[in-house]
Amino acid sequence: MTAASDRQPTVRLPKQASPTHDDVGVPPAQPPTPPPSRRRRRVLIAGLTVVALVVAAGGTARWALAGDVPRGVTVLGVDLGGLARSEAAAALRAHLAADPRATAAVQVRVEGRGATLNPADIGLVVDVDATVDAAADGRPSLFSDRAVAPVIAVDTDLLDAALRKAVGKVGTAMRAPAVTFTGLTPKAVHPRPGRGLDPQRTAEAVKAGWLSGEPVTVPLVELHPATTAEQVDQLLETVARPAVAAPVTVTSERGTLTIPPAAIAKSLVLTGDRAGLIQPRIDPKKLRAAVAPALAKIEVPAEDASFTFAGGRPKIVAGAEGRGIDLTALAPRLLTAATSADARTVEATLTTAPPATSVADLERLGVKEKVSTFTTKFTGGLSSSRSQNIVTAAKQVRGALVLPGRTFSLNGHTGERGYAQGYKDAPVIVGGHLQPGVGGGVSQFTTTLFNASYYAGLQDVEHKPHSYYFDRYPAVIESTIFWPDLDFKFKNDTPYGVLIDTAWTSTSITVSMWSTRVWDKVTTEWSARRNITSPPTITKPDGPDCIATSGLIGFTQDAWRLFHKDGKVAKREKFTWKYDPEPRFICAEAAD
């Protein structure tokens with residue numbers, strides 16, 4: 001029999017309605033607990049759902065982060081998303097190579113003036129590496145694209161120079177500040193603002209508008225000089241006036257150099273640069289020019305290596321080092337001393353200066369063989385004035401070195417051929433008449449020199465044959481000269497140096513060219529003479545200005561210079577000249 005205490009009474013509760021505000025504190029009815037198997041299934045399903053979401057999210061993240069450049073990133077319409085940096089750079093370069101905007105000329109406008117600029121001339125490019133860096137920077141987006149602007153680079157200085165050259169003067173020029181000297185008196189030049197191109201603003205405008213395909217408008221900006229009027233006045237009082245108040249002494253181991261106030265005034269630079277900034281300095285070149293005679297007593301100039309002739313052949317003579325004051329290094333200390341009230345002495349150290357031309361420089365020129373020689377005959381012996389003029393010119397030209405690409409000018413080499421240079425009176429042709437004149441006979445040397453350059457195959461630049469033909473010269477290929485109107489010039493159009501040698505006897509003048517042979521040989525072919533004319537007879541009053549002649553015929557003739565190489569004529573050059581008949585001049589006393 002079961003005890004009453006062991007039995008639990010059954011309590012039946014009435015059905016409860018949904019809780020209301022009056023049910024506060026009364027717990028709601030609990031749903032029946034599901035069996036354990038069903039509860040485990042629900043937990044498993046929820047867990048699998050979370051795992052699936054995490055896996056899906058991780059896959060999406062990995063997809064968005066694939067490569068160095070995030071997905072959805074484009075540059076100039078090129079999809080770079082998911083690419084490594086090297087792949088993105090290659091793709092962008094390939095696009096730029098095919099995009100005509102990247103190489104097309106840039107149209108720029110400044111105050112209504114147009115300019116067309118080539119990107120390659122101004123360093124205008126898309127900086128591919130910097131652009132890829134910008135594309136790789138930033139957070140990836142799962143649901144939207146991101147367009148990255150290309151990074152543009154330009155050479156600001158080249159752009160500024162090209163634009164100024166293309167459009168000319170624009171705006172209003174800025175007046176640069178300065179302190180100038182009239183003698184030893186300084187004067188202030190106050191600055192004035194202007195309006196013009198600013199290189200940085202120009203670069204920004206061109207970079208921003210380059211790939212738009214539209215003309216780029218570059219603005220003008222107000223330009224204010226970096227040095228103000230007050231600062232100019234201050235420089236006048238603290239730098240300019242003290243600088244010319246007294247000489248500056250430069251001491252050295254080879255003596256003392258005194259720089260007078262006038263030399264300081266000529267070399268002291270107190271002018272604003274392009275930005276209007278005045279930076280006081282001593283100009284070494286201007287200072288050297290101002291004190292050149294005094295410097296010559298202290299400095300030892302360097303001697304260049306040179307050619308001489310020994311045993312009939314060129315020989316190189318070594319140069320020598322010089323010793324001098326390095327005024328560029330000394331200039332800052334000179335300025336300090338010049339603006340000092342009492343310490344106006346500077347110590348200078350002499351430095352060695354190597355020759356401008358070394359033995360190695362001359363050896364590289366290839367002056368090793370005689371490539372041409374030409375001789376003309378003259379009469380009268382070396383005692384005649386005409387022969388002496390020929391020899392004087394030959395002495396001046398002997399040893400002249402013509403570097404590759406340079407042009408030799410006979411007038412430029414000898415200068416004026418007057419009495420002061422040792423030339424004498426001899427017959428010359430002036431206005432079609434023979435008459436005495438200083439330097440007569442040099443035309444024969446000119447013809448000899450011309451033919452030596454001609455047969456060396458060198459380029460003819462300027463020559464003029466005589467008005468009349470003289471049989472001591474080859475027809476057509478001869479030349480006269482007259483200071484300063486007529487010159488003879490040839491260009492060394494070979495890759496080697498050309499050294500000129502001259503020699504003379506009592507009856508002839510010879511000119512030879514030493515170099516490295518370019519042509520196997522150079523020859524001449526002449527046409528027959530044509531249009532032959534007889535000389536007229538002219539009677540002139542007898543006197544010192546009348547030179548009697550027997551007359552010469554006139555004619556026209558051609559000459560071809562033939563350049564031979566590898567057994568055949570490589571090229572031909574034609575020369576043509578028309579000789580006038582030389583009158584038969586008779587010197588006679590005037591009839592009563």
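Here are some numbered notes on a predicted model, taken one region at a time.

1. **Helix α4, its length.** A good place to begin is α4, which covers residues 156–167. This helix has 12 residues, and the distance from its first C-alpha to its last is 16 Å, close to the 16 Å expected at 1.5 Å a residue.

2. **Helix α4, its two sides.** Which residues of α4 are buried? They are L159, D160, L163 and V167. Looking down the axis of α4, you will find these buried residues within an arc of 95°, so they line one face of the helix. A general rule helps here: an α-helix has 3.6 residues a turn, so residues three or four places apart point the same way. On the other side of α4, D157 and K165 are exposed. The cover over the buried residues of α4 includes β3 (106–110), β4 (113–117) and α5 (199–209).

3. **Helix α4, its ends.** At the start of α4, look for D155: one of its side-chain oxygens comes to within 3.2 Å of the backbone nitrogen of D157. Just after α4 comes G168, with a positive phi of about 75°.

4. **A small open sheet.** Three strands make an open sheet in the order β2-β1-β6, and their pairing is mixed. The edges belong to β2 and β6 (146–147); each has a single partner strand, so one side of each is left without a neighbour in the sheet. Between β1 and β6, which run parallel, there are two bridges. To find the pairing on screen, start at V73, whose bridge partner in β6 is R146.

5. **Two residues with an unusual backbone.** Most residues other than glycine have a negative phi, and most peptide bonds are trans. L76 is not a glycine, yet its phi is positive, at about 55°. L76 sits in the loop between β1 (73–75) and β2 (78–79), and it is partly exposed, with a relative accessible area of 23%. V476 is not a glycine either, and its phi is also positive, at about 75°. Is V476 buried or exposed? V476 is buried, with a relative accessible area of 1%.

6. **A cis peptide bond.** V476 lies in the loop between β27 and β28, and P484 is found in the loop between β27 (459–462) and β28 (489–491). The peptide bond that joins W483 to P484 is cis, with an omega of about -5°.

7. **Strand β34 and its partners.** Why call β34 largely enclosed? Of the 12 residues in this strand (554–565), 10 are buried, so β34 is largely enclosed by the rest of the structure. β34 runs antiparallel to β31 (residues 521–526), with six bridges between them; one pair to look for is E525 with its bridge partner W560 in β34. β34 also runs antiparallel to β32 (residues 530–533), joined by two bridges, and here T533 has G554 as its bridge partner.

8. **The β34–β35 hairpin.** Strand β35 spans residues 568–579 and is joined to β34 by 11 bridges, with the two strands antiparallel. Across this pairing, D558 stands opposite T576 in β35. Together β34 and β35 form a hairpin with two residues between the strands, and D566 in the turn has a positive phi of about 55°.

9. **An exposed loop residue.** Finally, have a look at T103, in the loop between α2 (85–98) and β3. T103 is exposed, with a relative accessible area of 59%. Its C-alpha is 8.8 Å from that of V125, and the two residues are 22 residues apart along the chain.

Definitions and conventions:
Residues numbered from 1 in each chain as written. Predicted model: local features only at pLDDT ≥ 70, side-chain atom pairs only at ≥ 80, totals over all residues. Heavy atoms only, no water. Helix = DSSP H or I, 4+ residues; strand = E, 2+ residues; numbered from the N terminus. Buried < 20%, exposed > 50% of the residue type's maximum accessible area, 1.4 Å probe, protein only. Expected span 1.5 Å × (residues − 1). Arc of directions from axis to C-beta. Contact = heavy atoms within 4.5 Å. Polar contact = N/O pair within 3.5 Å; in protein donor to acceptor, adjacent residues only side chain to side chain. Pairing = 2+ DSSP bridges.
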